[in-house]
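User: I am new to this structure and would appreciate a close look at one part of it, the strands and how they are paired. Please take me through that part in a connected account.

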Amino acid sequence: MICCSCLFVSQSCLFPLFAGLRRSPGGEWFVAAVEMSTSRFGANVNKGTSGFTTAGADKMRKLKELLHKRDNRICADCSAPDPKWASANIGVFICLKCSGVHRSLGTHISKVLSVTLDEWTDDEISSMLEVGGNSYANAIYEAFLPGGYHKPHPDSSQEERADFIRSKYELQEFLKPSLRIVSINSRKDVGNASSSYSFKSEAGMVEFIGILKVKVIRGTKLAVRDMLSSDPYVVLTLGQQKAKTRVIKSNLNPFWNEVLTLSVPQRYGPLKLQVYDHDVLSRDDIMGEAEVDLQPMITAATAFGDPELLSDMQIGRWLKSRDNALTKDSAVNVGGGKVKQEVSLRLQNVESGEVELELEWIALNQ
Ligand SMILES: [Zn+2]
């Protein structure tokens, strides 16, 4: 059985038991069954993440070496130069625009990570290395591309790009027929067994208008939830997407300095932030929450257009009020061709605590 579309060994796949395609030392592809933990949420506090070990640093170096190989210097889907994103479970390097479409398919099909900004688990790096890069992946996913078929190019419309990427990875229309049959059966099984799958398929239809990078900088005067201190981490929620920082042990004034990336759908609501105390033996305790109104930044950025054409200036402002969690007014600035906003929040429904964020907005239609 092959799980969803991650034909390759996909440790980040959501489903507990699956098979993936592996490349043998001789170069042929074969199907291998792999069992894995279902726990993705919370992976940062488990042994799965070892971004700071020597072995982890070595693997990250190998990933960057792979990125710099010639066939990985162009996006696997639209051939745009210099891709900096990757689908960790599929094993391809992709450009920013294609990464937005990959995200819209859902993580059960494509788990998008930034090669430069995100923290990778050992398993995610291993599966990228195992696939071997864009030409190996495309040899499988585009093996039966119809003659005369035009792949999207770097300037293709969002629709054209989305059609191709969905056909290639979700519907697997260009795969070897023998692999495709196995895959379709498997998808039916998954659909019957899991009610969440159909929901995710619907979510895949959502069109995203941009990417929000949230640098979770620090917390101050956080609430005590253990004997004397807390082990805080931050969870961000935007619609159905969640992202979390690592846990910092015994610290009420932690510095996370961690960038979390979320896709922003056309109809977006507020970004929700929650701080939790990590507990090994019991449920994690909440240490306050706050909401960020994304509208001032996105509206201003849309009105001003491509930030790379603007000089450094303030383009908008989210004002502190009784109805929001801001500790002070928050300006939306263009600086160095990027749209950024510093946000300082007082946590709600808790005795004390503040959190500082830096938001960056990247529109997908530029
Ligand atoms: Zn691309």
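Analyst: In this predicted model, three strands make up an open sheet in the order β4-β3-β5, and their pairing is antiparallel. Its edges are formed by β4 (92–94) and β5 (112–114), each of which pairs on one side only. Direction ignored, neighbouring strands of this sheet are turned against each other by 35° on average. Strand β3, which covers residues 85–87, pairs with β5 in the antiparallel sense over 3 bridges. One position to locate here is Trp85, which stands opposite Ser114 in β5.

A further open sheet has 6 strands, again with antiparallel pairing, and its order is β9-β6-β15-β14-β13-β12. The edge strands are β9 and β12 (313–318), and each of them pairs on one side only. From one strand to the next, the twist averages 25°. At the β12 edge, β12 and strand β13 (residues 330–335) are joined in the antiparallel sense over 5 bridges. Within this pair, Met313 has Val334 in β13 as its bridge partner.

Two helices are to be placed against the 6-stranded sheet. Helix α2, residues 96–104, packs on the sheet and touches β6 (208–220), β9 and β15 (354–363). The direction of α2 makes about 85° with that of β6. Helix α8, residues 295–304, also packs on the sheet, where it touches β12, β13, β14 (338–346) and β15. The direction of α8 makes about 145° with that of β12. Strand β15 is thus touched by α2 and by α8.

The edge strand β9 spans residues 255–265 and contains Asn257. This residue is not a glycine, yet Asn257 has a positive phi of about 45°. Is Asn257 buried or exposed? Asn257 counts as exposed because it has 11 C-beta neighbours inside 10 Å, and the cut-off for exposed is 12 or fewer.

A residue with a related backbone feature lies outside the strands: Gln172 is found in the loop between α5 (158–170) and α6 (177–193). Gln172 likewise has a positive phi, of about 55°, although it is not a glycine. Its surroundings are another matter, because Gln172 has 21 C-beta neighbours inside 10 Å and therefore counts as buried; the cut-off for buried is 20 or more.

The account of strand pairing continues with β7, residues 232–238. This strand is mostly covered, with 5 of its 7 residues buried. In a regular strand, side chains alternate between the two faces of the sheet. Strand β7 pairs in the antiparallel sense with strand β10 (residues 271–277) over 6 bridges, and with strand β8 (residues 241–244), also in the antiparallel sense, over 4 bridges. On the β10 side, the bridge partner of Tyr233 is Tyr276. On the β8 side, Thr237 stands opposite Lys242. Strands β7 and β8 form a hairpin with 2 residues between them. In the turn of this hairpin, Gly239 has a positive phi of about 60°.

Key: Residues numbered from 1 in each chain as written. Predicted model: local features only at pLDDT ≥ 70, side-chain atom pairs only at ≥ 80, totals over all residues. Pairing = 2+ DSSP bridges. Axes fitted to C-alpha atoms, helices over the stretch in contact; angles between N-to-C directions. Contact = placed C-beta atoms within 7 Å.
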